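Student: I have a model open and would like to talk through its fold with you. Could we take it step by step?

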Amino acid sequence: MHFTAHEFSRAFIGLIPQNPGAGTVDGTGIDTTEFREALIALITGTANTGGTLDVKVQESDDDGSSDPYADVTGAAFTQVTTANDNGVQYGRLNLEDRKKWIRIVAVTATNDVLHSVVIIPSNPLNGPQSDSANVAFNV
């Protein structure tokens, strides 16, 4: 039997494309209970002079209702500055023995750094998944 990529993964927006200026942006919580791992990609544009961007993954049992989100140890991207902007960084997150919900947190200091984050959970616990409604092409 042959399966395609969209049957073994989904794609979620961890952070919408943005250029927020200085401050902290918390992404929307994503329920990961159906998957064993996730690829998380940070896409960055130009960092303005003096701008820095720190992005990390947090987890919670209940999307922050009574279990506040907390940092996942080791799940942080290399700080983005003018020296390494306009690129892609990615990391793999083992979802087994992890809390149910994850989210992305981005902290921009001083000046803007255009960025977005995509989360692609994969390796479903219960066999192939169907996300055909979001598949743009399959060639």
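Here is a conversation about the strands, one residue and a pocket.

Tutor: Gladly! This is a predicted model, where local features need pLDDT of at least 70 and side-chain atom pairs count only at pLDDT 80 or more, while totals for chains, interfaces and linings use all residues. Residues are numbered from 1 along each chain as its sequence is written, and side-chain values use heavy atoms, with hydrogens and water left out.

Student: What does the secondary structure of the protein chain come to?

Tutor: Helices (H or I, at least four residues) and strands (E, at least two) are DSSP runs, numbered from the N terminus. Along the sequence the pattern reads β-β-β-β-β-β-β-β-β. The count is therefore 0 helices and 9 strands.

Student: In which order do the 4 strands of the open sheet stand?

Tutor: Two strands pair if DSSP finds at least two bridges between them. The pairing here is antiparallel, and 8 bridges join strand 4 (residues 35–47) to strand 7. The order in the open sheet is 1-9-4-7.

Student: Why is one side of strand 1 and of strand 7 left without a neighbour in the sheet?

Tutor: Look at how many partners each has. Strand 1 (12–18) and strand 7 (87–94) each have a single partner strand, so one side of each stays free in the sheet, because both stand at the edges.

Student: Which residue of strand 7 stands opposite Ala 41?

Tutor: Strand 7 runs antiparallel to strand 4. Opposite Ala 41, strand 7 places Tyr 90.

Student: Is Thr 52 buried or exposed?

Tutor: Thr 52 lies in strand 5 (residues 52–60). Contact means heavy atoms within 4.5 Å, and beyond its neighbours within four places in sequence, Thr 52 touches residues including Gln 79, Val 107 and Val 113. Buried means under 20% relative accessible area, exposed over 50%, partly exposed in between (1.4 Å probe, protein chains only). Thr 52 has 16% relative accessibility, so it counts as buried.

Student: What share of contacts between residues at least 6 apart in sequence join residues at least 24 apart?

Tutor: These are contacts in the protein chain, which has 139 residues. The share that join residues at least 24 apart is 84%.

Student: Which strands each supply at least two residues of the lining of the largest pocket?

Tutor: A pocket is an open set of points on a 1 Å grid over the protein atoms alone, where a 1.4 Å probe fits, with protein on both sides within 12 Å along at least five of seven lines; lining residues have an atom within 4 Å of a point. Of the 13 lining residues, those closest to the centre are Gly 74, Ala 75, Ala 76, Gly 91 and Arg 92. The strands are strand 6 (70–76) and strand 7.
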